Structure formats: structure tokens, C-alpha cells
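The report that follows goes through selected side-chain interactions and helix packing in one structure, taking the charged pairs before the polar residues and the helices.

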Amino acid sequence: MIVEWSIPFLDPRAVKDFNVSRALIILNQPFNTRLLKTLWAACEWRSCADGGANRLHDALSAAGGFDLRSSFLPDMVKGDLDSLREDVKLYYISQNVPVIYDSDQDSTDLMKCVQALEEKERLTGQEFEIVILGGLSGRLDQTVHTLSYLHKLRKTRKRVYTVTDDNVGWVLDEGEHLIHINHDVLGQTCGLLPVGIDSTILTTTGLRWNLDNTESSFDGLVSTSNHLVPGQDVMIKTSKPIWWCAELRDH
């Protein structure tokens, strides 16, 4: 079976698909306000992972000369709250946003927000795609955590994406995948990263430099700085889970 992928949540002109529910988790990394607004509009449930609330608060305090904070209130702020500023905490409490302290040191703030979403899913029977804003920039250990965590989440969740100002990426499980490319949203460069596996066998179409039953591993070939082909979608067949990433056009 071919698994199909698309990223309408990155296109501000996309028509809302009411059959798909999405959740946005904002991490403590910088982001473009225009990107935030696009993702926010595409998602039904939004949360901030600890210091992600600082980023949301500050980005909207003087966006284009206007205070937009009250128009973008998350459904919750959750984490161990070691990064959350006191003024930000007090602001969201004043706006009746739940600020939830979770002291568990065996889970990251991102994991705590996913756990909160999964509890909501259990209570409502609703299933969400997850869009993470941040996670692929900043500290290397946090980036590796994102790569590792999404690699694990593929076992329990169908679709989890991570987005930064520069990239969108997600894990493709073993099998065949058709990625519908929105060339108005994505730039030219893309990559296939064998993270968390010893190696995989890749076959692709729709790339400038396609792979034909080619082994990919950290000790061998890694398909970085590949290019999308204008007007074409991408087909990928992989024998093991692999990270797919593509650059975003300037917002």
C-alpha cells in the first residue's frame, strides 16, 4: 500500500479540510510570525511546550505594530516550567489559559504536550495529526531529541510533522510513499536522512538525483542537498524508516 502525504497546513491559501483535525505544539525556538499564523489557522488545538509560550507571547506582542496576543491564545501551556517567564505565565493565567506544571524529568516538554493531546483524544475519540513548530534548530541535543522522538512516534501515530522557518520534515515508515509537492510552498532542496537505523534501501522518483535500490546509511551514502523537480511529486520506497525533509520558500 502506498501512503500519501501532503502539507496543506503550510499553504495559507489551502481550503480547510474539516475531515482532518490537527494539533499545533509550539516549542521554545524562534519562528516567523507569518508561519505561526498559517499553522495556527490550520490547527484546531494548540499548546505551548514550556518556553514556547515565551516565543508565542513575544512574537505577538508587537506584531506589525499591534498587540495580537489575545487573538492567539493556546489551549494550554505545559511543561516543567523552568523556561517559562513569570510575566508570560501571569499573562496567560489572566486569559484563562491553563498553565500546567509537570515535574516528570523522564519526559521532555514536547512529550508532555503530546501526552496531553493523547489524553484529549482518549476522552473525545477524536484523532489529530500533530504539527510541531520548532525542533530542528537551536541546540543539537534538542534537535536529536526531535529526530528520535518522531522516529518512535511513528509506531503509535499516523502523521507527525515538524516545521521551522527553513524546513518541514517527518518520518517515513518502511514501505512506499507518495509525497504531493506544493512547489509554491516548498523550495528546491530536500533530503532523506537514515536516522535511527543501521541502513535502508531507497528507490525514488521525482528528485533531481534519484536513487535506484541504493543503500543509505550514516557510514555510507546520505541523500542531502537533493533537489525537487518542478511540477513533479516524489515517490519513495524505503526498507526501513527514514527522515524526509524539504526546505520552505521564504515566508
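In this predicted model, the side chains of E129 and R22 form a salt bridge with an N to O distance of 3.2 Å. This pair connects distant parts of the chain, since E129 belongs to strand β6 (residues 128–133) and R22 to strand β2 (residues 21–26), with their positions 107 residues apart in sequence. Both partners are buried: E129 has a relative accessible area of 14%, while R22 has a relative accessibility of 7%.

A search of the whole structure returns 14 salt bridges, and three of them, including the pair just described, are set out in the table.

| Salt bridge | N to O distance |
|---|---|
| E129 and R22 | 3.2 Å |
| R85 and D58 | 2.9 Å |
| D102 and K78 | 3.9 Å |

The salt bridge of R85 and D58, with its N to O distance of 2.9 Å, joins the loop between β4 (76–79) and α3 (86–94), where R85 lies, to helix α2 (residues 52–61), which holds D58, so the pair ties together parts that are 27 residues apart in sequence. Are these two residues buried or partly exposed? R85 counts as partly exposed because its relative accessibility is 32%, and D58, with a relative accessible area of 40%, is partly exposed as well.

The side chains of D102 and K78 meet at 3.9 Å, N to O, a value that falls within the 4 Å cut-off applied to a salt bridge. Here too distant parts of the chain are linked, with D102 in the loop between β5 (99–101) and α4 (109–124) and K78 in strand β4, 24 residues apart. D102 and K78 are both buried. Elsewhere, D11, R13 and D184 are joined into one network by salt bridges that share partners.

Two serines can be described through their polar partners. S21 is located in strand β2, the strand that also contains R22, and S21 counts as buried because its relative accessibility is 10%. Which side chains make polar contacts with that of S21? One is the side chain of E44, at 3.3 Å, and another is the side chain of Q126, at 2.9 Å. Leaving aside residues up to four places away in sequence, S21 touches E44, Q126, E127, F128 and E129, and the last of these, E129, is the salt-bridge partner of R22.

S217, by comparison, sits in the loop between β12 (214–216) and β13 (223–227), and it counts as buried at 10% relative accessibility. A polar atom of the S217 side chain lies 3.0 Å from the backbone nitrogen of G220. When residues up to four places away in sequence are not counted, the residues touched by S217 are P194, D198, S199 and V222.

The helices add a further layer to this picture. In helix α1 (residues 33–42), the buried residues are L35, L36, T38, L39, W40 and A42, and they pack against β2, β3 (45–49), α2, β6 and β7. The N-terminal end of α1 is capped by N32, which has a side-chain oxygen 2.7 Å from the backbone nitrogen of R34.

One of the buried residues of α1, L35, is also touched by T164, whose other contacts are G134, L136, S137 and L248, again not counting residues up to four places away in sequence. T164 lies in the loop between β7 (160–163) and β8 (167–172) and is buried, with a relative accessible area of 7%. The C-alpha atoms of T164 and V97 are 25 Å apart, and the two residues are separated by 67 residues along the chain.

Two packed helices are described by the angle between their axes and the distance between the axes. For α4 and helix α5 (residues 140–153), the axes come within 11 Å and cross at roughly 30°. That angle makes α4 roughly parallel to α5, because angles under 35 degrees are placed in this class. The crossing in which α4 passes α5 is right-handed. At the residue level, L110, M111 and V114 in α4 meet H145, Y149 and L153 in α5.

Key:
Residues are numbered from 1 along each chain as its sequence is written. This is a predicted model: local features need pLDDT of at least 70, side-chain atom pairs count only at pLDDT 80 or more; totals for chains, interfaces and linings use all residues. Side-chain values use heavy atoms; hydrogens and water are left out. Helices (H or I, at least four residues) and strands (E, at least two) are DSSP runs, numbered from the N terminus. Buried means under 20% relative accessible area, exposed over 50%, partly exposed in between (1.4 Å probe, protein chains only). A polar contact is a pair of N or O atoms within 3.5 Å; within protein, one must be able to donate a hydrogen and the other to accept it, and residues adjacent in sequence count only if both atoms are side-chain atoms. Contact means heavy atoms within 4.5 Å. Axes are lines fitted to C-alpha atoms, for helices over the stretch in contact, and angles run from 0 to 180 degrees between N-to-C directions. Angles under 35 degrees count as roughly parallel, over 145 as roughly antiparallel, 65 to 115 as roughly perpendicular and the rest as oblique. A crossing is left-handed if the near helix is turned anticlockwise from the far one by less than a right angle, and right-handed if clockwise.
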